[in-house]
Each structure stands twice: as structure tokens, then as C-alpha cells.
Amino acid sequence: MAETEQGNGLNHLGSTEKLTGNGTGVSEPEVNGNVVPRDTPVDKYGFTGGAQQLPDSAEQVSIAVLRQREAKWLDMLNNWDKWMAKKHKKVKERCQKGIPPSLRGRAWLYLTGGKVKREQNRGKFQELDDQPGDPQWVDVIERDLHRQFPFHEMFAARGGHGQQDLFRVLKAYSLHRPDEGYCQAQAPIAALLLMHMPAEDAFWALVQICEKYLPGYYSTGLEAIQLDGEILFALLRRVSPVAHRHLKKHKIEPSLYMTEWFMCAFSRTLPWASVLRVWDMFLCEGVKILFRVGLVLLKCTLGSQEKLKSCHGLYETMEVLRDIKPQYMQEAFLVQEVVESPVSERDIEKEHQVQLRSWKEIHGDLCCKSPPRMHGAKAIMTAEPPSRQDLRQNPTILIESPLVQRSDVEVEENGRSKKEKESETDHPMQAVVNPYAPHHPRPPPASLQSSLSFKDETTKKSTESLSSMEHDTYL
């Protein structure tokens with residue numbers, strides 16, 4: 001793959017030994033070899049600095065509103081198939097408002113279909129993880145680890161748990177898709193996922209993104225991304241004729257400015273608060289969100305004669321696009337512009353057919369035969385209907401909260417009476433083993449059983465928001 005990321009000037013990791021070293025003897029944590037003072041402030045996303053930080057860019061959500069959203073999302077996750085079938089519009093609206101941080105990882109896993117894939121392929125990730133990997137890709141992956149969010153506390157330490165998990169996920173994917181191997185743009189995608197979920201879940205979410213949302217993006221030749229570049233440029237003609245004429249006049253190819261945007265899903269472009277909101281919508285609605293974000297940035301940066309005064313040619317224009325003004329990337333502004341954008345899935349698919357015909361006339365047939373992409377979570381679920389067992393949460397979370405009313409979907413289910421449903425809820429649910437909890441071969445001692453039963457009873461009676469233990473993002 002063509003180099004889509006610029007090195008940060010830090011030395012590459014030289015060996016697996018360095019990757020897996022425990023850092024014994026180092027008094028301070030390191031960012032890829034550079035000592036970071038222990039009192040370095042860390043923002044709420046885990047960053048100590050870097051381009052992802054943008055002061056005062058995040059929307060402030062009150063605790064009360066956040067608790068309401070958490071309760072609503074827990075209700076949706078407990079009845080995911082019904083919500084997606086009957087209330088998908090409401091799911092989309094809630095993704096546009098932003099998924100609660102405590103549930104974002106779990107929601108992403110459900111939106112992508114990664115949860116279903118994991119359940120249908122139990123043991124597959126462990127099998128891939130146990131294999132040594134293709135030396136060709138292992139070497140490249142190891143040399144790329146230090147480039148992924150070096151100012152995030154999870155990936156700052158050389159050979160730390162974040163870099164080790166990132167290596168495992170990328171190596172497993174290169175074994176899962178040996179025809180595709182590894183592409184450098186997959187690393188920030190996987191790293192972002194690992195910030196919200198464990199390695200196995202991140203692997204299956206990565207599989208879904210690469211195969212369903214962005215098929216062909218990471219294949220040899222990068223034909224799919226070039227084709228989408230032409231689609232973006234064609235759509236720009238309608239959204240911002242001024243920006244379109246300027247780029248056409250100076251012969252600025254779309255691949256020059258949109259490759260990293262789309263291949264990394266804007267994870268290396270926007271401030272972090274905006275990245276997370278864009279991903280909430282992207283994983284729900286599909287690639288049209290990436291097109292909308294790209295069009296908004298192009299229109300805001302090059303969309304008027306006043307803005308083009310300093311853009312005399314290709315070089316000046318590219319400098320402006322590499323250094324987009326913060327106000328255009330600010331969370332509230334960007335999300336509002338994206339939601340209001342008129343560009344639809346139909347527009348993208350229609351233009352895709354036009355550009356595909358043009359491509360064949362110039363280059364011939366595509367070398368990489370990618371499967372058709374799925375436009376979001378509903379399309380994925382419709383194409384591969386999951387079973388209720390595949391969607392069951394581990395452990396299943398039950399919550400009775402005054403903050404959210406009984407689900408409309410649940411009330412309408414099969415037209416059954418309220419009395420019949422209440423009789424169902426009287427039966428206790430079968431306990432489900434938490435796959436991430438430590439394994440205990442024997443039951444706890446009798447001395448602990450009373451305290452455990454007290455905790456269980458407390459959890460059942462709780463009518464308030466979940467504690468940090470209960471809404472563990474990894475479950």
C-alpha cells in the first residue's frame with residue numbers, strides 16, 4: 001500500500017523482544033522511547049497531547065441526560081433485533097445524538113455485526129492469535145505500532161499492553177485474509193477499536209469494517225478508494241460548485257486529499273470528540289457518513305471565493321486541506337452539518353455506477369473483485385439475520401429504571417397481552433457466564449456465598465444508573 005501516514009520521527013521498534021518487553025528498569029513511562037513525566041495531564045479520552053486534542057471542542061452533556069441515554073441504550077441492546085427491525089429510525093437518531101461513553105464499545109460491536117460474527121466463530125480469534133503469522137506482515141506491523149496514537153496513554157508505552165493487543169489484532173487479520181494481508185491504514189482503525197473493547201471484539205469489528213463497510217479499501221492497488229475518490233469529487237459538484245471548479249482547475253486529484261480521510265475513517269484528521277461522534281454515525285449508517293464529512297470539510301474550506309484567495313495553486317490548496325480550521329471540525333458544528341447533508345445512499349450508489357463505467361473505459365475491469373458494501377448496521381443485519389442467541393449479552397444486563405419507559409418494541413411484540421408478558425418476566429433468567437471474568441473451577445467458599453448473594457440482590461433491586469462495574473464497556 002502507498003504510504004498514507006507520515007512518520008513522527010521516532011525510532012521504529014526493532015524486534016519482537018522490544019515489543020513484548022516488560023520495561024523493567026525504566027523509572028518513567030515512555031512514549032515510543034521518549035520519557036514522559038508522570039504528572040503529564042491526560043484528557044478524558046486518554047490523550048496527553050497530539051493533533052487529536054482540541055481544547056473546548058467537546059459538547060458538554062449533563063449527568064442526568066447521560067443517565068437517561070444509558071438506560072435507553074441498555075434497553076435497545078437487550079432487544080437489539082427488535083429495535084433494528086421495527087425502530088431503526090430511533091436507533092439512528094440516538095447514534096446521531098452520540099452513544100454514551102460507557103456503552104460505546106458494546107454498541108459499536110452490535111452495530112457492526114461483530115458480536116454476531118464472534119458468537120458464530122467461537123475460538124477463531126484464539127486460533128489465529130496462537131499462530132506465528134506471515135513474517136512478511138509481522139515485520140511491517142511491528143514497525144507500524146509506534147505510529148498509532150503515540151500520545152494516547154494506551155499506546156504510549158513501548159511494548160505496553162496497548163501495542164501488544166494492536167499487534168495481535170492486526171496479525172490475526174492478516175491471517176484471516178491472507179489474500180489481503182495487512183495495510184497500514186488498518187492500524188489506526190484497530191487502535192481506535194481497542195480503546196473501547198478487548199482484542200477479540202476489536203478483531204471482529206475490524207473484520208466487519210473491512211469486509212462490509214469499506215470492502216476493497218485495503219486491497220492491493222487501492223482501486224476501491226480511488227473509485228470513491230471520484231464519487232466524492234462528482235458529489236462535490238452538487239454540494240459546492242466553487243470548490244469543485246477550483247480543484248478541477250488546478251488538477252488536484254481526489255486521492256491526494258481524501259485517501260487518509262476515508263481509509264482511516266477520519267480517525268487521524270478530526271479532534272477526538274468529533275471522531276467518536278462521526279464513528280457513532282458511520283457504524284450505524286455506513287460509508288455515506290464519510291462522504292458527508294468529506295464534503296462538509298471541502299465546502300467549508302474551499303467553498304467561497306473569499307476562502308480561495310490564498311489558494312493560488314496545488315501546493316497552497318493542499319496546505320489548507322492539511323490544516324483545516326478548528327471551527328469546521330468542532331463536534332457540534334460538524335455533526336449538525338453531517339446530519340443535514342442531503343447526500344444519500346442512493347446518490348452514492350448511483351454515482352458509483354457512473355464512475356465504475358468510466359473506470360472500465362479507462363482502466364478496464366477492476367483487478368480486485370470486492371463484495372458489495374453494506375450501507376450501515378440495518379443492511380448488515382438484513383443480509384445476515386442473527387439468532388437471538390448470537391445477540392445475547394454476556395452477562396445479560398437487566399435494569400429497571402424510572403429514566404426510561406418500557407420499550408415500545410417490547411410492548412408490541414406479537415400483540416401479546418401485558419399479563420402474558422408479566423408472567424414471563426416472573427421467571428428468573430438463566431445465568432450467562434461472563435467470558436472476560438476470571439475462570440473459577442470450584443464454587444466460592446461458603447463464607448463468601450452470603451456476601452455474593454447480597455450483591456446479587458442489590459443489583460436486582462437497583463433502580464438507578466449502572467455502576468462502573470455493571471456497565472463495563474468490554475461486555
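A salt bridge here is a side-chain nitrogen of Lys or Arg within 4 Å of a carboxyl oxygen of Asp or Glu. By that rule the count comes to 23 salt bridges. This is a predicted model, so local features need pLDDT of at least 70 and side-chain atom pairs count only at pLDDT 80 or more, while totals for chains, interfaces and linings use all residues. Residues are numbered from 1 along each chain as its sequence is written, and side-chain values use heavy atoms, with hydrogens and water left out.

**View A. Lysine 90 pairs with glutamate 93 in helix H4.** The closest N and O atoms of this salt bridge are 3.4 Å apart. Both residues sit in H4 (residues 88-97), three places apart, about one turn of the helix; helices are DSSP runs of H or I with at least four residues, numbered from the N terminus. An α-helix has 3.6 residues a turn, so residues three or four places apart point the same way. Lysine 90 is partly exposed at 35% relative accessible area, and glutamate 93 is partly exposed too, at 29%. (Buried means under 20% relative accessible area, exposed over 50%, and partly exposed in between, with a 1.4 Å probe and protein chains only.)

**View B. Aspartate 165 meets arginine 168 in helix H9.** Their side chains form a salt bridge at 3.0 Å, N to O. Again the spacing is three residues, about one turn, within H9 (residues 161-176). Aspartate 165 is buried at 19%, whereas arginine 168 is partly exposed at 25%.

**View C. Salt bridges elsewhere: an exposed pair and a network.** Glutamate 306 and lysine 309 form a salt bridge, with their closest N and O atoms 3.1 Å apart. Both of these residues are exposed. Salt bridges also link Lys115, Arg118, Glu119, Arg122 and Asp201 into a network.

**View D. Arginine 373 is buried in a loop.** The loop in question runs between helix H20 (345-363) and H21. Arginine 373 has just 15% relative accessibility, so it counts as buried. Its side chain makes a 2.7 Å polar contact with that of aspartate 228. (A polar contact is a pair of N or O atoms within 3.5 Å; within protein, one must be able to donate a hydrogen and the other to accept it, and residues adjacent in sequence count only if both atoms are side-chain atoms.) Leaving aside neighbours within four places in sequence, arginine 373 has contacts (heavy atoms within 4.5 Å) that include Tyr213, Tyr217, Phe291 and His352.

**View E. Helix H14 is mostly covered.** Seven of the 10 residues in H14 (residues 254-263) are buried, among them Tyr257, Trp261 and Phe262. Their cover includes helices H10 (186-194), H12 (223-239), H13 (241-249), H16 (288-302) and H17 (314-322). After H14 comes alanine 265, with a positive phi near 50 degrees.

**View F. The largest cavity holds about 110 Å³ of space.** Of the 15 residues lining this cavity, Gly113, Val116, Ile380, Met381 and Glu384 are the closest to its centre. (On a 1 Å grid over the protein atoms alone, a cavity is a set of points where a 1.4 Å probe fits but cannot get out, and lining residues have an atom within 4 Å of a point.) H5 (104-112), H6 (114-120) and H21 (377-383) each supply at least two lining residues. By class, the lining has nine nonpolar, four polar and two charged residues.

Note on methods
On a 1 Å grid over the protein atoms alone, a cavity is a set of points where a 1.4 Å probe fits but cannot get out, and a pocket is an open set with protein on both sides within 12 Å along at least five of seven lines; lining residues have an atom within 4 Å of a point. Grid points are joined across faces, edges and corners, and a volume is the space filled by probe spheres set on the points. Ala, Val, Leu, Ile, Met, Phe, Trp, Tyr, Cys and Pro count as nonpolar, Asp, Glu, Lys and Arg as charged, and the others, Gly among them, as polar.
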